[in-house]
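Work through these exercises with the model open. Try each task before reading its solution.

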Amino acid sequence: DTPLRDLAEARGRYLGTAVTAGKLTGGYADVAAAQFGSVTPGNEMKWGSVERTQGTYDWTGADRVVAFAEAHGQRVRGHTLVWHSQLPSWVTGGTWTADRLRTLMTDHIAAEAGRYKGRIDHWDVVNEPLNEDGTLRRSIFGATLGESYIADAFRAARAADPAAKLYLNDYSTDAIGAKSDGMYALVKRLLAQGVPVDGVGFQAHLVLGQVPSSLEANLRRFADLGVDVAITELDIRMTLPATEAKLTQQKADYASVLRACLAVTRCAGVTVWGFTDSDSWIPDFFPGQGAATPYDEALAPKPARAGIAEALAPV
Ligand code: G3I
């Protein structure tokens, strides 16, 4: 059985997974290393993880994931430099002038992207900047700094790590619609201003049987702007319990997402948001739902894993 990472590489793509640093031993580590050519720390690189106390950095979890990747010939997707969630409480609880907040943000980017300079394949520089209607999210950054924070973040990331591909990432932008139209217009504006945006990430937290029919066309229209695209956090959730029929549908759904990426030349790869159901955020956030990943709780491959392999099969 050919490892998924090799199938993906042979098709000119990477297949990645989010991982949890504290679990990278035993069977979990074995599957992560054998099957995936890229890893994303699920939480360990978020601002709230690396600088809980202002000025005191803890890189333990992030370092562990990067070291694991380097030991197993994997790329790293850095996630994420600027996000409104999982911020340290000293950031959210502070009262900052615009100038001060902008400096905090760019200093944070310089510290983190600088620490891993040359070792990160893609950085999710800004995560989830948009509202559902495609307008700018009034997060602490959006409300205080306006849209300019996005350009400033990308410029700071480029300065800190010139080799990393810099991504703008969001959810519910997978289909053509109001939110992805907002993202499309935003990327166009940023490129017109000379902002160093290299790629757009589509999280793809999807629902069983509901892979958007416009996914491929959507990826293509962004690629046509002159940026790379990637599926960055794929999972496909179902109402529990999982039945054979649901798992068969999920197999088809995973395959169709992989095929959409393969159909678009500038689609760099696909990352699943946890490869095992035992390491998925879904049951905690959507009570009664789960079984969203390609391996079950006991690390046995599910039909979804075969769907990925079939989509990535040599042509
Ligand atoms: O680390 C603490 C632990 O000490 C404590 O005992 C436990 C009790 O709840 O919580 C642990 O923290 C949790 C953390 O994951 C690590 O497991 C947080 O409560 C929990 O909220 C956090 O959830 C993460 C979530 O982002 C937060 O928004 C998920 O693991 C992570 O998969 C998820 O990832 C996000 C992406 O970054 C962005 N896109 C959406 C995606 C899914 O929400």
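**Exercise 1. Unusual backbone angles**

Find the loop that holds alanine 204, then state its phi and whether it is buried or exposed.

*Solution.* Alanine 204 sits in the loop between β6 (199-202) and β7 (205-207). Strands here are DSSP runs of E, at least two residues long, and helices are runs of H or I, at least four long, all numbered from the N terminus. This is a predicted model, in which local features need pLDDT of at least 70 and side-chain atom pairs count only at pLDDT 80 or more, while totals for chains, interfaces and linings use all residues. Residues are numbered from 1 along each chain as its sequence is written.

Now the angle. Alanine 204 has a positive phi of about 60°, although it is not a glycine. Most residues other than glycine have a negative phi. Next, burial. A residue is buried if 20 or more other C-beta atoms, placed from the backbone, lie within 10 Å of its own C-beta; it is exposed at 12 or fewer and partly exposed in between. Alanine 204 has 26 C-beta neighbours inside 10 Å, so it counts as buried.

Repeat for alanine 291. Its loop runs between β10 (289-290) and α13 (303-311). Alanine 291 has a positive phi of about 50° and is not a glycine. With 25 other C-beta atoms within 10 Å, alanine 291 is buried.

**Exercise 2. Cis peptide bonds**

Locate the peptide bonds from histidine 79 to threonine 80 and from leucine 240 to proline 241, and give omega for each.

*Solution.* Start with histidine 79 to threonine 80: this bond is cis, with omega near 0°. Threonine 80 belongs to strand β3 (residues 75-82). Then take leucine 240 to proline 241: this bond is cis, with omega near 5°. Proline 241 is in the loop between β8 (228-239) and α11 (244-263). Most peptide bonds are trans.

**Exercise 3. Helix α11**

Check the length of α11, then list its buried residues and their packing partners.

*Solution.* The expected span is 1.5 Å times one less than the number of residues. For the 20 residues of α11 that gives 28 Å; the end C-alpha atoms are 29 Å apart, which agrees. The buried residues are Gln250, Lys251, Asp253, Tyr254, Ala255, Val257, Leu258, Ala260 and Cys261. They pack against β7, α10 (215-223), β8, β9 (267-272) and α13. Contact requires C-beta atoms, placed from the backbone, within 7 Å.

**Exercise 4. The core**

Which residues have the most contacts inside the largest nonpolar core?

*Solution.* A nonpolar core joins buried Ala, Val, Leu, Ile, Met, Phe, Trp, Tyr and Cys residues through C-beta atoms within 7 Å. The largest one has 87 residues, and Val125, Ala153, Ala157 and Val257 have the most contacts inside it. Helix α8 (residues 148-160) gives the largest share, seven residues. Now look at alanine 153. Leaving aside neighbours within four places in sequence, alanine 153 contacts Leu81, Val82, Met105, Ile109, Val125 and Val126.

**Exercise 5. The ligand shell**

Which residues are around the ligand, and how do they divide by type?

*Solution.* Select residues whose C-beta atom, placed from the backbone, lies within 6 Å of the ligand. They are Gly42, Asn43, Ser85, Gln86, Asn127, Tyr171, Gln203, Glu233 and Trp281. Ala, Val, Leu, Ile, Met, Phe, Trp, Tyr, Cys and Pro count as nonpolar, Asp, Glu, Lys and Arg as charged, and the others, Gly among them, as polar. The shell has two nonpolar, six polar and one charged.

Methods: Two residues are in contact if their C-beta atoms, placed from the backbone, lie within 7 Å.
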